[in-house]
Amino acid sequence: MLRDIRTDYQKFELNESELEKDPFKQLALWLKEAIGGKIPDPTAMVLSTIDQNGNPDSRVVLLKELTPVGLVFFTNYHSKKGKQIEEHRHVSAVFFWKETERQVRIKGIAERIAEKESEAYFLSRPLESQIAAWASPQSQVIENRQVLTNNYFRYQEYFKNKEQKKPPHWGGFLIRPEYFEFWQGRSNRLHDRIEFSLCENQWKIQRLAP
Ligand SMILES: Cc1cc2nc3c(=O)[nH]c(=O)nc-3n(C[C@H](O)[C@H](O)[C@H](O)COP(=O)(O)O)c2cc1C
């Protein structure tokens, strides 16, 4: 029964004494531990955006860079999320690492990264992924799967004797966080929750009840 599935979290604690005072450092630390723990897709995060009716819309994307100012992921700018971000810059992102019993919630403002940076990352991807980015009109309705495979072979042929380049509608977004919450599962549902809110360029740190 679904109602009987539950976990008692006992692996780690999150105490103010060990907490990084910079939330980027805390996120980097937890990411490092998730990556080190051989967790599948440790960089996967649920990204929520706001659609044209003001409704939330969520999907998984992969974090590709954690910079001193934000989180970078890559996508098709013409996709649903791409268009939604252009209209409403506020987004949220959630990481959940069940192996370390941790969740990180982030709220921030997204913006496109520089074309040059997107180009550099695009060209570092495997050739198959590059061709797929050209072949897939992400989020558009297609007649059947054949459309996709036909597109793929067409672009594969096209780029056979040409230098690869990035589709103009493909690239990165940088999320500049204004809020982080670090959640560490604890025993008896008495979890640790510590939030960082940006107030006048300073991170205000507070503990929340679970
Ligand atoms: C593990 C995982 C990783 C994904 N990574 C990405 C990604 O980095 N970029 C991306 O555009 N879509 C990624 N996707 C696909 C998205 O979840 C989504 O299906 C797609 O981007 C279309 O979303 P949209 O129609 O809301 O724009 C990933 C999906 C999964 C399950």
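Is R89 buried, partly exposed or exposed? R89 is partly exposed, because its relative accessibility is 31%, and the scale used here calls a residue buried under 20% relative accessible area, exposed over 50% and partly exposed in between (1.4 Å probe, protein chains only). Here are some notes to read beside the model.

1. What you are looking at. This is a predicted model, in which local features need pLDDT of at least 70 and side-chain atom pairs count only at pLDDT 80 or more, while totals for chains, interfaces and linings use all residues. Residues are numbered from 1 along each chain as its sequence is written, and side-chain values use heavy atoms, with hydrogens and water left out.

2. The overall fold. Five helices and nine strands make up the secondary structure of the protein, where helices (H or I, at least four residues) and strands (E, at least two) are DSSP runs numbered from the N terminus. Along the sequence their pattern is α-β-β-β-β-α-β-β-α-α-α-β-β-β. Taken along the principal axes, the C-alpha atoms fill a box of roughly 60 × 50 × 40 Å.

3. Surface and packing. The protein has 210 residues, and 40% of them count as buried. About 12,700 Å² is exposed, with carbon and sulfur atoms supplying 51% of it; accessible areas come from the Shrake-Rupley method with a 1.4 Å probe, and for residues only the protein chains shown count as cover. Of the contacts (heavy atoms within 4.5 Å) with a separation of 6 or more, 65% are between residues 24 or more positions apart.

4. The shell around the ligand. Please have a look at D41, R59, V60, V61, L62, F74, T75, S79, K80, K81, Q138 and S139, the residues around the ligand; a residue is near a molecule if one of its heavy atoms lies within 4 Å of it. By class the shell has four nonpolar, four polar and four charged residues. In this sorting Ala, Val, Leu, Ile, Met, Phe, Trp, Tyr, Cys and Pro count as nonpolar, Asp, Glu, Lys and Arg as charged, and the others, Gly among them, as polar.

5. Backbone atoms facing the ligand. A ligand oxygen lies 2.7 Å from a backbone N or O atom of V60. Polar backbone atoms of two further residues also lie by ligand oxygens, that of L62 at 3.0 Å and that of K80 at 3.2 Å. A polar contact is a pair of N or O atoms within 3.5 Å; within protein, one must be able to donate a hydrogen and the other to accept it, and residues adjacent in sequence count only if both atoms are side-chain atoms. The ligand taken alone exposes 620 Å², of which the protein buries 64%. Elements giving two or more residues to the shell are β2 (56-62), β4 (71-76) and α2 (80-87), and the largest share, four residues, comes from β2.

6. Salt bridges. The structure holds 14 of them, each a side-chain nitrogen of Lys or Arg within 4 Å of a carboxyl oxygen of Asp or Glu. Side chains of opposite charge can pair when their charged atoms come close. D57 and R59 meet in one such bridge, at 3.4 Å from N to O. D57 counts as partly exposed because its relative accessibility is 25%, whereas R59, at 18%, counts as buried.

7. The pairs made by E86. E86 bridges to R89, with the closest N and O atoms 2.8 Å apart, and also to R112, again with 2.8 Å between the closest N and O atoms. The pair with R112 links distant parts of the chain, since E86 is in helix α2 and R112 in strand β6 (residues 102-112), 26 residues apart. E86 is partly exposed at 30% relative accessible area, and R112 is partly exposed at 42% relative accessibility. Elsewhere, salt bridges that share partners join E13, E16, R186, D192 and R207 into one network.

8. Two buried residues. A34, in helix α1 (residues 23-36), is buried because its relative accessible area is 0%. Leaving aside neighbours within four places in sequence, A34 is in contact with I39, P42 and W97. R193 belongs to strand β8 (residues 192-199) and is buried, with a relative accessible area of 16%. A polar atom of the R193 side chain lies 3.0 Å from the backbone oxygen of A209. Outside the four nearest places in sequence, the contacts of R193 include R105, W183, R207 and P210.
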